[in-house]
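Me: I would like to learn how to read a structure feature by feature. Could you walk me through one?

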Amino acid sequence: MRGDLTNPVPEVNEHSQEEVLLNQWAEQDYAFGFVSDIEQDIVPKGLNEEVIRWISARKEEPSWLLDWRLKAYRHWLSMPTPEWAHLEIPAIDFQDISYYAAPKAAAKLNSLDELDPEIKSTYDKLGIPLEEQLILAGVAVDAVLDSVSVVTTYKEKLAEKGIIFCSFSEAVREHPDLVRKHLGKVVPYTDNYYAALNSAVFSDGSFVYIPQGVRCPMELSTYFRINAAGTGQFERTLIVADDDAYVSYLEGCTAPKRDENQLHAAVVELVAMNRSEIRYATVQNWYPGDAQGIGGIYNFVTKRGLCQGLASKISWTQVETGSAITWKYPSVVLMGDRSTGEFYSVALAARAQQADTGTKMIHIGKNTTSRIVSKGISAGRGQNAYRGLVKVRETATNARNYSQCDSLLMGDRCGAHTYPYFEINCPDAQVEHEATTSKIEEDLLYYCQQRGLPTEEAIALIVNGYAKEVLDKLPMEFAVEARKLLAISLEGSVG
Amino acid sequence: MLEIIDLHASVDDKPILKGLNLQIRPGEVHAIMGPNGSGKSTLSHVLAGRPGYDVRGSVRFNGQDLLDLAPEERAWAGLFLAFQYPVEIPGVSNTNFMRSALNQVRSHRGLPALEAGDFLKIMREKAGLVQLDPSFLSRPVNLGFSGGEKKRNEIFQMAMLDPQLAILDETDSGLDIDALRIVAEGVRKLRREDNSFLVITHYQRLLDHLRPDIVHVLMDGKIVRTGNDTLALELEEKGYDWLKAELA
Ligand SMILES: Nc1ncnc2c1ncn2[C@@H]1O[C@H](COP(=O)(O)OP(=O)(O)OP(=O)(O)O)[C@@H](O)[C@H]1O
Ligand SMILES: [Mg+2]
């Protein structure tokens, strides 16, 4: 409180000043909003069987894959648009989207030097460490610019161990049996509206196979980026860890500023065999739209892992700060006895963002364990919903689940909603659920300020502390990036 | 260093400070005593800039008008408050907190940010000063600390930030006898000719260690008596009733 002899400031004003600060950071400009100018090779807008045939032909796919796409498309046509999520979704005109875009310069490359300088400078602007530092750090990058894989590094080193890490298109060409065996087995095209759409029109993505007994010696990383105006992005990722294998996979993304909403409907499938472990981490920072809710990415993602083998483990970690609308429930099907599923999530909804995210843990095998830690942050007019399902089948004796869902509210125009669902069909299941909702208390802020921290730095510190349990699950270099991302979302125009 | 003239503060139209005057010169240690609810903590928060008070009057701090500054600006200017009830910050380690705070304070005092190595060295040294076990440095700020541990942590933070004026609000409450001596010795080591302390306490014990230059009694929002350390002894012995009677 600043004293003023003539005109004491009423207490209520002080609160609203705090509100203004909180709201200001929530509306700060998106730091990564710009458009790069690469010639695109775009299929005309619209969706029909011809377009699907065109995409498949263009990618020189085998007929079984075209057939699968067409079946998915026909199924999609029969499905109603989903409405159950706690989201306000403007109607999407699926005929107004172009379903394939490839950078023209994206012929096969042997090294980074061959990369289109324009693309490279886009990556540089984004601060994507595609270059030496990253390679030195031991991260193999399969950078996806829109729909086609542009650069793949470190492939040979991985190949020595029998690890396959390549674009999805390449996997279809080089390892068709592996792809055919697993594609659509964890997320069938009948699963949901957007999974069906993705199955029909998916353009590219990543494929990973870790053979028996192999520990992948580096973090595998893919940076996705939506870069063509008005094109939907339909990534497809498939990761298979064979018996006793281990892999840690990182996915991170930013997108340029746009005035029209862009649809993103990815599918990620994970398969873990006996005693294998897959860790999948995401930092998502797509353009969230402006303070009025104009522009921004629609992010409807289906991510699911299958713990097929005994004592297998799948762990999802996500930091979601971007997109206008996020609809995403990374899930684990615990089929193998003694298998483990984990979900660690930080979701930030500021400005007019809407996030509806959570997880499903489906216990089928005996002695299976799942753990859910969700940290929601709502600011501005952001709406954050956690939606979780823990399902314990009759067969899943001695199942255990622990769920913790925390919500942090900043300002009084935002919202947090928690919808935990439990379907317990086995009497000896042990299920624990905790939920908290809190505000950043004025006294906490004041304490930090008294130590010399300006408001926005204090908020960044407090929020990072709040999300620590999840951030700690990220691989080191990703954790640093994620903290910065939260801080960027928190700093900006204040001060 | 600090000059308070006719300071009034109220909360929700309830007056708490009612025309308080106080002057502290560089190098001095002042003690404030007074009955519960007399306004001691309110004074410390008004000085530190906590929101929620209607404030009138004038407070000059090293030539600046303190009441014009935001809380963090007061910290940069060299004001430190050891809280009567320190706040917990989940997920933020003491180390991280102090690194952010110290670098902020330093940059506003024209000093360069510290290298990690130098920072750790300073931190270990200051933790040693108040015999704070190093394990507390990696724990979240104050989270799950015992009452006494929180107080010791406040003095550690004070040592880190090297303030011009440190206000200690009942830092001695909750400290065991050894801790009290350690904290008091820590404060004594930090005393210089150019910094000052305002120590709020109910007990003579801390003052035995600190040897204040001046002792004030705060009652009902005003300083009603000022003396030397014999005043504290007198209060310890007789309580406040005689003073109330005298004033009435
Ligand atoms: N936010 C507030 N709202 C209402 N009353 C308050 C508020 N803050 C302080 N007060 C009242 O003002 C008076 C002074 O409180 P303060 O905390 O300054 O006392 P104190 O001298 O520090 O007491 P103690 O020795 O018990 O710590 C008390 O009666 C207290 O209840
Ligand atoms: Mg008090």
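The dialogue below goes from a chain as a whole to a metal site and then to a single side chain.

Me: Before we start, what kind of model is this?

Reply: It is a predicted model, so let's read the values with that in mind.

Me: How do I judge the overall form of chain B, and what radius of gyration does chain B have?

Reply: The idea is to set the radius against what a compact globule with that number of residues would have. For 248 residues that is near 18 Å, and chain B has 18 Å, which agrees. Along the principal axes, the C-alpha atoms fill a box of roughly 60 × 40 × 35 Å.

Me: Which secondary structure elements make up chain B?

Reply: Chain B has nine helices and ten strands. Contacts tell you how the chain folds back on itself: of those with a separation of 6 or more, 69% join residues 24 or more positions apart.

Me: How much of chain B is buried, and what does its surface consist of?

Reply: Buried residues account for 57% of the 248 residues. The accessible surface is about 10400 Å², and carbon and sulfur atoms contribute 47% of that.

Me: Which protein atoms are donors to the magnesium ion (ligand 2)?

Reply: For a metal, list the donor atoms and their distances, then ask where they sit in the chain. Here the protein donors are OG of Ser41(B) and OE1 of Gln84(B), lying 2.0 to 2.2 Å from the ion. Ser41(B) belongs to helix H1 (residues 40-48), while Gln84(B) is in the loop between strand E6 (79-82) and helix H3 (94-108), so the pair links parts of the chain 43 residues apart. Water is not among the atoms, so the site may look incomplete.

Me: Is Gln84(B) buried or exposed?

Reply: Gln84(B) is buried because its relative accessible area, 17%, falls under the 20% cut-off.

Me: And why is H1(B) described as largely enclosed?

Reply: Count its buried residues: eight of the nine are buried, so the rest of the structure largely encloses H1(B). Among them are Leu43(B), Val46(B) and Leu47(B). Just after H1(B), Gly49(B) takes a positive phi of about 95 degrees.

Me: Let's try a single residue in chain A. Where is Ser403(A), and what does Ser403(A) touch?

Reply: Ser403(A) is in strand E21 (residues 400-409) of chain A. With a relative accessible area of 2%, Ser403(A) is buried. Its side chain makes a polar contact of 2.9 Å with the side chain of Asn401(A). Leaving out residues up to four places away in sequence, Ser403(A) touches Ile372(A), Val390(A), Phe422(A), Glu432(A), His433(A) and Glu434(A).

How values were computed
Residues numbered from 1 in each chain as written. Chains lettered and ligands numbered in written order. Predicted model: local features only at pLDDT ≥ 70, side-chain atom pairs only at ≥ 80, totals over all residues. Heavy atoms only, no water. Donors = N, O, S within 2.8 Å, 3.2 Å for Na, K, Ca; no water. Helix = DSSP H or I, 4+ residues; strand = E, 2+ residues; numbered from the N terminus. Buried < 20%, exposed > 50% of the residue type's maximum accessible area, 1.4 Å probe, protein only. Polar contact = N/O pair within 3.5 Å; in protein donor to acceptor, adjacent residues only side chain to side chain. Contact = heavy atoms within 4.5 Å. Rg over C-alpha atoms; globule rule 2.2 N^0.38 Å. Areas by Shrake-Rupley, 256 points an atom, 1.4 Å probe, with all protein chains shown as cover.
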